[in-house]
Amino acid sequence: MEGEFILKIVAVFFIACISGGIGSLIGGYRGRENAGMGFGFFLGPIGWIITGLLPEDGKRCPECLGVVPPKARRCRHCGELLQPAKRAEVIEQPSSTTEPQPTWFVAHVDGDEGPFTLEQLKAQWHAGKLNSDDVCAEKGDSDWKPVTEVIKPPVSKPASVRAIGRDA
Ligand SMILES: [Zn+2]
């Protein structure tokens with residue numbers, strides 16, 4: 001009699017474990033393994049239904065459509081790489097395109113130099129590496145201009161020239 005009772009308890013526990021396992025599988029595709037296991041263990045098929053009605057917890061894998069935790073890098077159902085880094089790259093791209101591109105070439109007696117960005121040209125001017133006789137051109141433009149015209153250094157001379165021109 002007593003042995004039969006223990007056997008019944010073991011059988012119920014065994015069934016509850018299997019039921020919990022099935023609940024965990026159902027919950028797994030909604031990011032709810034633990035809840036699914038608990039509901040399945042204690043409530044059996046009713047727990048499976050409850051698990052199926054639970055709201056999803058996480059994001060969906062694009063490969064197997066299983067739900068994985070929001071920060072997961074690899075899908076735990078199919079092993080697909082979820083690569084949150086890919087998204088980060090896309091976000092970073094616009095900032096790199098707004099960076100000034102080096103497009104200016106400077107003509108020196110001993111050959112052309114460049115390409116430089118406008119900022120680099122200005123820095124060279126301030127460092128005394130360029131003088132007002134140097135000419136430069138933008139990439140794809142064969143029109144050479146005086147360096148002073150491109151970087152527009154704050155010199156008092158051109159202003160006075162302009163003033164005289166206006167008077168005449
Ligand atoms: Zn997957």
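**Backbone exceptions, sheet and cores in a predicted model**

Leu65 is exposed, as 11 other C-beta atoms lie within 10 Å, and the cut-off for an exposed residue is 12 or fewer. The model is predicted. Leu65 has a positive phi of about 65°, although this residue is not a glycine. Its place is in the loop between β1 (59-60) and β2 (67-68). Most residues other than glycine have a negative phi, and most peptide bonds are trans. A departure from the second tendency occurs at Pro115: the peptide bond from Gly114 to Pro115 is cis, with omega near 5°. Pro115 belongs to strand β4.

In overall composition, the protein has 7 helices and 6 strands. Read from the N terminus, the elements follow the order α-α-α-β-β-α-β-β-α-β-β-α-α. The protein has 168 residues, of which 17% are buried. Among contacts in the protein with a separation of 6 or more, 31% are between residues 24 or more positions apart.

Strand β4, which holds Pro115, is part of an open sheet of 4 strands. The strand order in this sheet is β4-β3-β5-β6, and the pairing is antiparallel. Strands β4 (111-116) and β6 (145-146) form the edges, each pairing on one side only. Strand β3 (residues 104-108) runs antiparallel to β4 and is joined to β4 by 4 bridges. Across this pair, Ala107 stands opposite Asp112 in β4.

In soluble globular proteins, nonpolar side chains tend to be buried together. In the present model, the largest nonpolar core has 7 residues in all. Its members are Ile26, Tyr29, Trp48, Cys61, Val67, Val68 and Cys75. A second, separate core contains 6 residues, among them Trp104, Leu121, Cys136 and Val147. With residues up to four places away in sequence left out, Ile26 touches Gly36, Trp48, Thr51 and Gly52. Of these contacts, Trp48 is also a member of the largest nonpolar core. Val67 and Val68 of that core are the residues of strand β2 (67-68), at one end of the loop that holds Leu65. Leu65 itself is exposed, whereas the core members Val67 and Val68 are buried. In the second core, Trp104 lies in strand β3 (residues 104-108), the strand bridged to β4, while Val147 is another of the core members.

How values were computed:
Residues are numbered from 1 along each chain as its sequence is written. This is a predicted model: local features need pLDDT of at least 70, side-chain atom pairs count only at pLDDT 80 or more; totals for chains, interfaces and linings use all residues. Two strands pair if DSSP finds at least two bridges between them. Helices (H or I, at least four residues) and strands (E, at least two) are DSSP runs, numbered from the N terminus. A residue is buried if 20 or more other C-beta atoms lie within 10 Å of its own, exposed if 12 or fewer, and partly exposed in between; C-beta atoms are placed from the backbone. Two residues are in contact if their C-beta atoms, placed from the backbone, lie within 7 Å.
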